[in-house]
Amino acid sequence: LFGLRNQAQELRSEEAEEAGQGRSVVHFQQVYQDVPVLGGELNVQLTDANELLVANGEVLPGVSLDTNPDVGAGEARKIALA
């Protein structure tokens, strides 16, 4: 669903809260190689039996990019401060 290949690797549970009447809401952040994907978020509402009631949000399917930084942390800090 939503174009994800492996939701266990591509989604990270960020927050869960009770919504009353036995329902709960869980917020998921999309990640690629443990790096958060900007705008990649899903929210699901579940019954007390963990049945899906509502799912909404947006993900970027098929993410493929290099997550290795081109500059070190010190150099990045200098550039950001400049």
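**Exercise 1. The turn between S2 and S3**

Task: In this predicted model, determine how many residues lie between S2 and S3 in their hairpin, and which residue in the turn has a positive phi.

Solution.
Step 1. Strands S2 and S3 form a hairpin, and 2 residues lie between them.
Step 2. In that turn, Gln33 carries the positive phi, with a value of about 50°.
Step 3. Strand S3 covers residues 35-46, and it runs antiparallel to S2, joined to S2 by 8 bridges.
Step 4. As an instance of the pairing, Val26 has Val44 in S3 as its bridge partner.

**Exercise 2. The hairpin of S1 and S2**

Task: Describe the pairing of strand S1 with S2, and state where Gln21 is placed.

Solution.
Step 1. Strand S1 spans residues 11-20 and pairs with S2 in the antiparallel sense, over 8 bridges.
Step 2. Two of the bridge partners can be named: Glu18 is matched with Ser24 in S2, and Ser13 is matched with Phe28 in S2.
Step 3. S1 and S2 also form a hairpin, with 2 residues between them.
Step 4. Gln21 is placed in the loop between S1 and S2.
Step 5. The phi of Gln21 is near 55°, which is a positive value in a residue other than glycine.
Step 6. A residue counts as exposed over 50% relative accessible area; at 77%, Gln21 is exposed.

**Exercise 3. Strand S2 and its cover**

Task: Decide how many of the 10 residues of strand S2 are buried, and whether Val25 is buried, partly exposed or exposed.

Solution.
Step 1. The cut-off for buried is under 20% relative accessible area.
Step 2. In strand S2, residues 23-32, 7 of the 10 residues are buried, so the strand is largely enclosed by the rest of the structure.
Step 3. Val25 lies in strand S2, and its relative accessible area of 23% makes Val25 partly exposed.
Step 4. Leaving aside residues up to four places away in sequence, Val25 touches Glu15, Ala16, Glu17, Ala19, Val44 and Gln45.
Step 5. The C-alpha atoms of Val25 and Asn43 are 6.9 Å apart, while the two residues are 18 apart in sequence.

**Exercise 4. Glu15 and its surroundings**

Task: Establish in which strand Glu15 is placed, and which residues Glu15 touches beyond four places away in sequence.

Solution.
Step 1. Glu15 belongs to strand S1.
Step 2. With a relative accessibility of 46%, Glu15 counts as partly exposed.
Step 3. Once residues up to four places away in sequence are set aside, Glu15 touches Val25, Val26 and His27.
Step 4. Glu15 and Phe28 are 13 residues apart along the chain, and their C-alpha atoms are separated by 7.3 Å.

**Exercise 5. Two residues of one loop**

Task: Thr47 and Asn50 are both found in the loop between S3 and S4; state for each whether it is buried or exposed.

Solution.
Step 1. Strand S4 covers 52-58, and Thr47 is found in the loop between S3 and S4.
Step 2. Thr47 has a relative accessible area of 15% and is buried.
Step 3. Not counting residues up to four places away in sequence, Thr47 touches Gly22 and Leu53.
Step 4. Asn50 is placed in the loop between S3 and S4 as well, but Asn50 is exposed, with a relative accessible area of 57%.
Step 5. Asn50 has a positive phi of about 60°, although it is not a glycine.

**Exercise 6. The chain as a whole**

Task: State in what order the elements of the chain run from the N terminus, and why the chain is described as more spread out than a compact globule.

Solution.
Step 1. The chain has 2 helices and 4 strands.
Step 2. From the N terminus on, their order is α-β-β-β-β-α.
Step 3. The radius of gyration is 17 Å, well over the 12 Å that the globule rule gives for 82 residues, so the chain is more spread out than a compact globule.
Step 4. Along the principal axes, the C-alpha atoms fill a box of roughly 50 × 25 × 15 Å.
Step 5. Of the 82 residues, 22% count as buried.
Step 6. The chain exposes about 6300 Å², of which carbon and sulfur atoms supply 50%.
Step 7. Among contacts with a separation of 6 or more, 23% come from residues 24 or more positions apart.
Step 8. The side chains include 5 positive and 13 negative ones, and the centres of the two sets lie 9 Å apart.

Key:
Residues numbered from 1 in each chain as written. Predicted model: local features only at pLDDT ≥ 70, side-chain atom pairs only at ≥ 80, totals over all residues. Heavy atoms only, no water. Rg over C-alpha atoms; globule rule 2.2 N^0.38 Å. Buried < 20%, exposed > 50% of the residue type's maximum accessible area, 1.4 Å probe, protein only. Contact = heavy atoms within 4.5 Å. Areas by Shrake-Rupley, 256 points an atom, 1.4 Å probe, with all protein chains shown as cover. Lys, Arg positive; Asp, Glu negative; His and termini not counted. Charge placed at Lys NZ, Arg CZ, Asp CG, Glu CD. Pairing = 2+ DSSP bridges.
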